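Reader: I have a model open and want to read it properly. Where do we start?

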Amino acid sequence: MIIVGVDGSRTGLEATGWAATEAKLRRAPLTVAYAVPKWLCENEADHYPEISRWMRDSARTVLATAEDRARREWPQVAVESVLLPGDPRTALVEASEQAELLVVGNRGVGGVRGLLVGSVAHGIATHARTDVVLVHHRPTAQHGEVVTGTDGSPHAERAVDFAFREAELRSARLRVVYAFAWPRSTGFEPADRDSEREALDMLNERLSDHRERHPTVDVVTEVVHGHPLEVLREAAAAADLLVVGSRGHGQVAGMLLGSISQGLLHHAPCPLAIMRGTDHSP
């Protein structure tokens with residue numbers, strides 16, 4: 001099951017369209033979820049009948065609009081809607097435990113002007129119990145490419161595995177990028193050619209098992225000089241999906257979201273998948 005969280009915003013509808021396409025590719029059902037205050041689902045709602053009726057009607061409209069968007073794009077996808085009681089972050093995080101993927105817009109109707117990612121999206125990306133995709137807008141044309149970055153960490157390995165499966169589902173090319181540079185106080189020092197060649201050989205060796213499991217995927221590997229955040233942003237400029245791990249090597253113990261994935265929350269040029277939970281097979 002794929003869950004998409006909506007709130008009546010444009011990005012929520014864009015997320016719904018993306019989630020419907022993903023559900024079609026995975027042959028999975030889609031649940032459209034909208035969070036409402038807990039009291040609206042309890043007896044306290046009877047004390048405010050007019051307000052309760054207005055809020056329920058508004059919620060039904062939001063859900064119906066999102067359902068219609070999903071069904072118009074892919075009529076063959078099984079779609080249902082649900083009201084979740086509570087704060088959107090908490091409600092969607094709890095619901096994510098039952099899903100193989102959680103999809104949200106990166107900003108909703110409550111987004112503050114100037115912020116590139118909303119608090120709900122940030123909270124979900126940080127705490128969800130399954131993999132998360134954040135959608136700002138969907139490209140008007142498909143580029144036929146999925147991009148992922150790797151540093152050899154367990155979360156990066158999960159990102160690579162997810163990216164291979166997505167590329168296979170979409171019949172897309174997969175670009176696997178390793179940002180290679182030695183950090184120093186004044187910036188990043190480019191590696192010499194021998195080190196770069198060794199890094200590329202190591203990257204291709206790490207991917208050998210993935211290639212065997214997904215022989216139809218066209219894979220491009222790159223070793224690029226620069227900071228991983230900038231390297232991945234540039235690599236994904238013409239991608240349909242960017243996939244990253246929630247944390248990589250060098251992250252501070254106890255952090256729930258690494259600095260690279262944090263930065264890409266704000267600056268990813270395409271839908272961003274963040275590996276959060278345990279592995280789910282399509």
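Author: Start with confidence. pLDDT is the predictor's confidence in each residue, from 0 to 100. This is a predicted model, so that score comes before any geometry.

Reader: Which elements have the lowest and the highest mean pLDDT?

Author: Strand 8, residues 182-184, has the lowest mean among the elements, at 50. Strand 1, residues 2-5, has the highest, at 97. The protein as a whole averages 84, and 83% of its residues score at least 70.

Reader: Where does pLDDT fall below 50?

Author: One such stretch is residues 109-117. The model gives this stretch 16 contacts beyond near neighbours in sequence. Residues 248-257 also stay under 50, with 24 contacts beyond four places in sequence.

Reader: Next, the sheet. What is its strand order?

Author: Read the order, then look for the edges. The sheet is open, has ten strands and runs 3-2-1-4-5-12-11-6-7-10. Its pairing is mixed. Strand 3 (79-85) and strand 10 (219-224) are the edges; each has a single partner strand, so one side of each lacks a neighbour in the sheet. On average, neighbouring strands are turned by 25° against each other, direction ignored.

Reader: How many bridges join strand 6 to strand 7?

Author: Five, and the two strands run parallel. Strand 6 covers residues 145-149, strand 7 residues 173-179. V146 has L174 of strand 7 as its bridge partner.

Reader: Which strands does helix 8 touch?

Author: Helix 8, residues 228-235, packs on the sheet against strands 6, 7, 10 and 11. Its direction makes about 160° with that of strand 7. Helix 3 packs on the sheet too, touching strands 1, 2, 3 and 4. The direction of helix 3 makes about 130° with that of strand 3.

Reader: How do helix 3 and helix 4 cross?

Author: Take distance, angle and hand in turn. The axes of helix 3 (88-95) and helix 4 (119-127) come within 9 Å and cross at roughly 35°. The crossing is right-handed. Helix 3 contributes P88, R89, L92 and V93; helix 4 contributes S119, V120, G123, I124 and H127. By class, that is five nonpolar, three polar and one charged.

Reader: Last, a single residue. Is T150 buried or exposed?

Author: Use the cut-off: buried means under 20% relative accessible area. T150 has 7% relative accessibility, so T150 counts as buried. T150 lies in the loop between strand 6 and helix 5 (154-170). Beyond four places in sequence, T150 touches A156, E157, V160, V176, V177, Y178 and L203.

Key: Residues are numbered from 1 along each chain as its sequence is written. This is a predicted model: local features need pLDDT of at least 70, side-chain atom pairs count only at pLDDT 80 or more; totals for chains, interfaces and linings use all residues. Side-chain values use heavy atoms; hydrogens and water are left out. Helices (H or I, at least four residues) and strands (E, at least two) are DSSP runs, numbered from the N terminus. Contact means heavy atoms within 4.5 Å. Axes are lines fitted to C-alpha atoms, for helices over the stretch in contact, and angles run from 0 to 180 degrees between N-to-C directions. A crossing is left-handed if the near helix is turned anticlockwise from the far one by less than a right angle, and right-handed if clockwise. Ala, Val, Leu, Ile, Met, Phe, Trp, Tyr, Cys and Pro count as nonpolar, Asp, Glu, Lys and Arg as charged, and the others, Gly among them, as polar. Two strands pair if DSSP finds at least two bridges between them. Buried means under 20% relative accessible area, exposed over 50%, partly exposed in between (1.4 Å probe, protein chains only).
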